[in-house]
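Biologist: Hi! Could you show me the model, so we can talk it through together?

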Amino acid sequence: MQTHKAKRVVITIEKIMLSRLTDAIEKADVSGYSILPVFGGSGRSGPWTREDNIGRGDGMVQVICIIKPERLDTLLDSAFEVVDRHIGVVTISDCEVLRAERF
Amino acid sequence: MQTHKAKRVVITIEKIMLSRLTDAIEKADVSGYSILPVFGGSGRSGPWTREDNIGRGDGMVQVICIIKPERLDTLLDSAFEVVDRHIGVVTISDCEVLRAERF
Amino acid sequence: MQTHKAKRVVITIEKIMLSRLTDAIEKADVSGYSILPVFGGSGRSGPWTREDNIGRGDGMVQVICIIKPERLDTLLDSAFEVVDRHIGVVTISDCEVLRAERF
Amino acid sequence: MDVFSLAAETLVTPIVLSFVLGLFAALVRSDLSIPEAVAKGMSLYLLFAIGFKGGVSLADHGIDLTLGLTLLTGIILSAAIPLIAYVILRALSGLSALDAAAVAGHYGSISIVTFVAASSVLESRGIPYDGYMVAVAAAMEAPAILSALWLVTRSKGGGKMEPGLWREIMLNGSIVLLIGAFLIGMITGEEGLKEIAPLVIAPFKGVLCLFLLDMGIIAGRGLRKGRGVLDAGALAFGIIMPLLGSLLGLGAAVLLGLPLGSALLLMVLSASASYIAVPAAMRVALPEANPSIYLTLSLGVTFPFNLVIGIPIYLALASAVIGG
Amino acid sequence: MDVFSLAAETLVTPIVLSFVLGLFAALVRSDLSIPEAVAKGMSLYLLFAIGFKGGVSLADHGIDLTLGLTLLTGIILSAAIPLIAYVILRALSGLSALDAAAVAGHYGSISIVTFVAASSVLESRGIPYDGYMVAVAAAMEAPAILSALWLVTRSKGGGKMEPGLWREIMLNGSIVLLIGAFLIGMITGEEGLKEIAPLVIAPFKGVLCLFLLDMGIIAGRGLRKGRGVLDAGALAFGIIMPLLGSLLGLGAAVLLGLPLGSALLLMVLSASASYIAVPAAMRVALPEANPSIYLTLSLGVTFPFNLVIGIPIYLALASAVIGG
Amino acid sequence: MDVFSLAAETLVTPIVLSFVLGLFAALVRSDLSIPEAVAKGMSLYLLFAIGFKGGVSLADHGIDLTLGLTLLTGIILSAAIPLIAYVILRALSGLSALDAAAVAGHYGSISIVTFVAASSVLESRGIPYDGYMVAVAAAMEAPAILSALWLVTRSKGGGKMEPGLWREIMLNGSIVLLIGAFLIGMITGEEGLKEIAPLVIAPFKGVLCLFLLDMGIIAGRGLRKGRGVLDAGALAFGIIMPLLGSLLGLGAAVLLGLPLGSALLLMVLSASASYIAVPAAMRVALPEANPSIYLTLSLGVTFPFNLVIGIPIYLALASAVIGG
Ligand SMILES: Nc1ncnc2c1ncn2[C@@H]1O[C@H](COP(=O)(O)O)[C@@H](O)[C@H]1O
Ligand SMILES: Nc1ncnc2c1ncn2[C@@H]1O[C@H](COP(=O)(O)O)[C@@H](O)[C@H]1O
Ligand SMILES: Nc1ncnc2c1ncn2[C@@H]1O[C@H](COP(=O)(O)O)[C@@H](O)[C@H]1O
Ligand code: NA
Ligand code: NA
Ligand code: NA
């Protein structure tokens with residue numbers, strides 16, 4: 001089956017920053033993303049799980065963007081502005097997609 | 001540690017189509033898959049979150065299959081039949097697995 | 001934007017084994033990980049979903065570690081000890097990260 | 001009592017105001033939201049409670065011929081309304097045949113929350129109604145879907161019934177729970193009710209408030225996203241169709257000789273549109289139809305209209321025609 | 001009153017029928033399901049409520065020697081039953097030593113929902129029982145796990161106690177909540193109960209219905225997946241073992257001189273099998289044992305048997321032997 | 001009645017003991033936990049219920065000048081307390097200016113659960129209080145955040161108000177629900193209350209117990225992770241600050257001429273610290289501040305202090321000064 005090269009960008013970020021990040025992504029003209037819930041984790045700021053807070057607000061999410069390779073830099077620049085002062089991880093990997101007309 | 005080459009296929013699809021997709025995957029003789037909940041996202045049909053619907057039925061899920069490279073085409077063909085008319089994204093990437101005897 | 005090579009290790013494991021796995025990961029001096037909920041899946045032990053059990057305890061989770069390539073073997077060794085007798089899948093893939101100073 | 005004072009009185013109940021609060025919260029983009037699991041839990045509770053109470057009341061009053069006839073009438077209404085809705089929609093709006101058929105299917109089916117809101121209006125005015133109307137509600141859920149698919153096949157050959165879909169529709173969780181609880185109520189009767197009344201009766205209205213809060217939030221979000229999707233004709237349809245549906249329901253009720261309370265409920269079932277079962281079926285059978293259109297119309301326009309203005313109008317109409 | 005009319009009477013309660021409804025829904029593959037969070041919320045509620053009520057009733061009646069002796073007896077029963085179960089299972093079925101040991105562990109431990117269902121049967125017949133039986137239930141949860149692991153080590157040296165597992169078992173959420181609520185009830189007594197009775201007493205049976213609906217769904221799904229996993233001998237074990245367990249419980253109750261209500265509860269504890277705490281422990285300690293086997297037996301066979309047929313039989317037995 | 005017997009009496013309520021149980025479970029590392037969705041559902045329920053009851057009681061007693069003046073006083077207290085807290089914290093502890101400002105913001109804002117616990121103490125002693133105190137609670141939530149940000153900008157120019165943050169704070173779900181339910185209660189009055197009292201009144205205390213169980217668990221986990229994060233000075237601040245806050249509240253109450261019940265509530269609002277709204281705002285506006293510090297102090301130190309010891313002290317103080 002015909003596939004097309006693409007980049008898979010995964011941004012792990014605090015949920016309270018989510019709407020700011022998706023606004024930035026949309027401003028970078030990225031056509032699509034999916035958001036995965038993150039149940040818990042650990043990093044320099046220590047371990048946490050979603051059940052650790054009263055308001056349960058400070059969990060994290062993963063935002064996954066599948067984009068054309070040539071769009072990568074614009075996306076990273078926009079995302080970085082939001083992620084910058086905040087905790088979070090950004091990874092990029094290669095993938096192939098079916099139905100490239102879709103994005 | 002000894003690892004083995006494999007393909008990682010990720011199919012993002014509406015939850016209502018899930019059982020049809022897993023039926024198709026099983027028919028393609030794929031030995032295993034995992035299903036991740038998707039909290040929200042955006043695409044050509046606009047942004048959504050799981051909290052947008054009364055029945056909360058129309059969320060999406062990610063089905064992840066780790067398969068032997070030679071099995072890829074059979075899987076994609078079967079999955080494509082289900083995904084075809086429906087919204088959703090299919091990506092493929094390379095990975096290594098431990099304990100290849102397991103699949 | 002400047003990126004750095006890294007490995008992405010994904011360990012799918014039963015939730016009851018989670019704390020043992022994260023203890024092992026921390027003993028291997030891995031700086032960070034994220035835990036994703038898994039909604040269901042299928043494997044040699046048949047299909048399951050999170051809604052299949054009264055205690056709802058026996059679901060699975062995915063533990064994702066982004067690590068420096070040179071750390072890979074230590075991590076796999078530690079993780080393997082926990083995963084060994086238990087059901088679960090371990091995959092490794094390449095990725096790039098922003099802000100490598102973070103891990 | 002005239003429609004306006006009735007409407008005013010309906011408007012200032014905690015139930016309606018909770019819906020308005022949710023609508024407001026969504027429109028000003030507050031992050032107020034009910035967790036998915038809690039909303040689903042409340043809807044299971046409401047279905048269990050109304051099913052059970054319906055069954056108990058049927059056990060009290062016994063089964064008669066009217067029950068069977070009313071069930072049959074409900075099925076016919078559910079199947080027929082989409083055909084009428086389709087014609088009106090094509091005349092009034094610029095929607096494609098596919099979208100129009102999908103919308104039409106929603107209006108033949110029913111909104112159980114509108115049904116519950118109407119029964120609570122009846123209860124607070126002391127107007128009795130038959131317990132079996134719950135079974136009629138369940139029977140009216142699915143036939144409309146078949147009509148919608150038939151409309152599509154007729155017009156362009158798409159929308160074939162996917163294998164398994166029919167079973168999914170008939171055995172969807174809401175129907176099974178509603179009918180199941182109805183049967184449990186019928187079997188255990190007043191004895192059973194006494195045991196679980198503190199759960200299924202006492203807090204019912206309060207839970208309904210919180211559920212309507214959630215519906216307000218979701219309707220509000222839908223309206224924010226869906227604005228621009230509907231033309232004036234489609235919007236008009238969202239108001240005209242429930243009125244027309246209620247008249248069909250009233251006509252049927254008169255033919256059946258239903259008493260005032262049950263007549264109102266049949267009107268409300270005919271007037272209301274689905275926003276859970278039918279959308280799910282449409283996503284499987286007609287994935288090319290635009291969900292924003294049918295959800296915005298059914299949940300964003302017709303549901304609030306029925307809740308706030310429709311129910312008092314229908315009650316005034318029914319009182320005038322049937323008396324009571 | 002004979003066993004059959006007792007069984008018939010037990011069968012047509014909302015509680016049992018809700019379980020049957022869930023079973024039916026799962027067997028016809030309806031998508032009816034209770035969200036994970038709601039099911040867990042209900043189980044926390046049930047544990048809190050029964051613990052609290054048990055504590056209050058103990059505060060009312062005071063502590064005496066029987067309490068201590070009954071606790072001890074419960075622990076012994078929990079530890080001993082797996083050994084008996086193991087022997088029977090190996091004789092009746094073709095299960096491996098490992099699987100047989102894992103199953104045996106479940107039958108020494110208890111099902112708190114069966115306990116609650118039995119106490120609600122007692123309540124509706126006006127038969128009193130001692131509040132401390134809740135503490136006995138908690139005490140019987142864990143010893144059986146040790147016995148199961150001992151059986152495995154003995155037979156092939158596997159199944160060593162993982163570090164941390166013992167603490168996890170003794171401090172698992174259900175036990176901590178049950179005992180904690182029990183203590184809170186004991187400390188605050190009738191005063192405390194008055195404050196929270198509208199939550200812990202009034203809607204209790206209704207919530208139990210919804211919880212049993214969920215258990216029915218899960219048991220039904222388990223049966224669909226688990227068919228083929230059990231041979232006829234194993235199935236027979238799922239019926240014989242609770243009967244045998246109940247007799248052991250009855251014997252112990254007679255020795256202890258327990259009154260009718262408490263005797264029934266001790267029988268039910270001995271007869272019932274775990275499907276939450278023990279499976280979790282087995283996944284950690286004996287991952288090679290097949291979960292389908294022990295879950296299908298305990299939840300799919302023994303639980304429904306106890307709920308529908310077992311409890312009336314045990315009550316008839318206890319009445320015959322103890323009188324009251 | 002002296003403070004000690006008051007404290008002892010407060011201590012042995014189901015509410016406080018449930019908190020203690022949660023704390024215990026977390027400290028011994030039990031896996032007891034309330035699902036996220038259930039905890040959020042309970043908090044929505046509590047907010048809806050107290051808002052609604054406050055509104056109904058205002059409808060009963062009418063609006064007067066004191067209401068407006070008390071609201072204004074609340075806003076001033078909320079804005080002023082962080083400035084005082086900041087000075088004390090810098091003097092007592094080694095926290096950085098940034099962390100001190102973040103903590104200070106929490107103490108100007110409020111804890112609605114502490115407020116509810118105090119009102120339930122008032123109710124069980126039959127001391128009346130004004131319904132509008134709920135509105136005062138809502139008004140005191142946000143001003144403190146502004147003060148905290150001002151402290152940061154002043155000291156080093158960071159912490160600029162992100163676009164959108166202000167709207168997020170003012171329209172956060174809790175405030176919208178509290179105020180909205182308050183208005184619904186005001187509009188529908190006793191009529192409305194009668195309809196939903198079985199949900200918003202009867203089980204309220206029971207739900208509060210389960211919610212406090214969850215808070216105990218989370219506070220306990222926070223304390224386990226947060227130990228080492230706070231020096232002795234910071235810990236002392238967590239006790240001194242609520243005492244000082246309560247005195248400020250008492251002074252204001254005397255000036256306003258509030259009756260005993262309302263005075264106590266104003267004291268409690270001033271004494272309590274936020275652990276939901278303010279932390280969320282701080283993560284956005286001051287991401288470099290360490291959340292462990294402010295959460296451990298507010299939820300792990302000050303909240304339990306107020307719940308167990310603070311409220312009786314404040315009540316004794318208020319009774320001595322105001323009489324009643
Ligand atoms: N190396 C990593 N691999 C995967 N997730 C990580 C990693 N480092 C951090 N995270 C996630 O990002 C969160 C914040 O990380 P940190 O900013 O280092 O405290 C953690 O709690 C994890 O959920
Ligand atoms: N480029 C993308 N990257 C990640 N997820 C996507 C992408 N495009 C679409 N999706 C997901 O697929 C859903 C449907 O997409 P669409 O069919 O384009 O409306 C979206 O709501 C996203 O959850
Ligand atoms: N090939 C695979 N791809 C993705 N997930 C898998 C695969 N095999 C197993 N899994 C996951 O691991 C769980 C246990 O697998 P197993 O040990 O084969 O029963 C399954 O239920 C899946 O969630
Ligand atoms: Na209709
Ligand atoms: Na047992
Ligand atoms: Na304060």
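**Ligand 3 and a buried arginine**

Modeller: Let's start at the ligand: a backbone N or O atom of Arg44(C) lies 2.7 Å from an oxygen atom of ligand 3, a polar contact (a pair of N or O atoms within 3.5 Å; within protein, one must be able to donate a hydrogen and the other to accept it, and residues adjacent in sequence count only if both atoms are side-chain atoms). This is a predicted model: local features need pLDDT of at least 70, side-chain atom pairs count only at pLDDT 80 or more, and totals for chains, interfaces and linings use all residues. Residues are numbered from 1 along each chain as its sequence is written, chains are lettered from A and ligands numbered from 1 in the order written, and side-chain values use heavy atoms, without hydrogens and water.

Biologist: Which polar side-chain atom lies 2.3 Å from an oxygen atom of ligand 3?

Modeller: One belonging to Ser45(C). The side chain of Trp48(C) also has an N or O atom 2.6 Å from a ligand 3 oxygen.

Biologist: Why is the site shared between chains?

Modeller: Because the residues surrounding ligand 3 come from chains B and C; a residue counts as near if one of its heavy atoms lies within 4 Å.

Biologist: New topic: is Arg283(E) buried or exposed?

Modeller: Arg283(E) is buried, with a relative accessible area of 7%; buried means under 20%, exposed over 50%, partly exposed in between (1.4 Å probe, protein chains only).

Biologist: What does its side chain reach?

Modeller: The side chain of Arg283(E) reaches the backbone oxygen of Pro287(E) at 3.1 Å.
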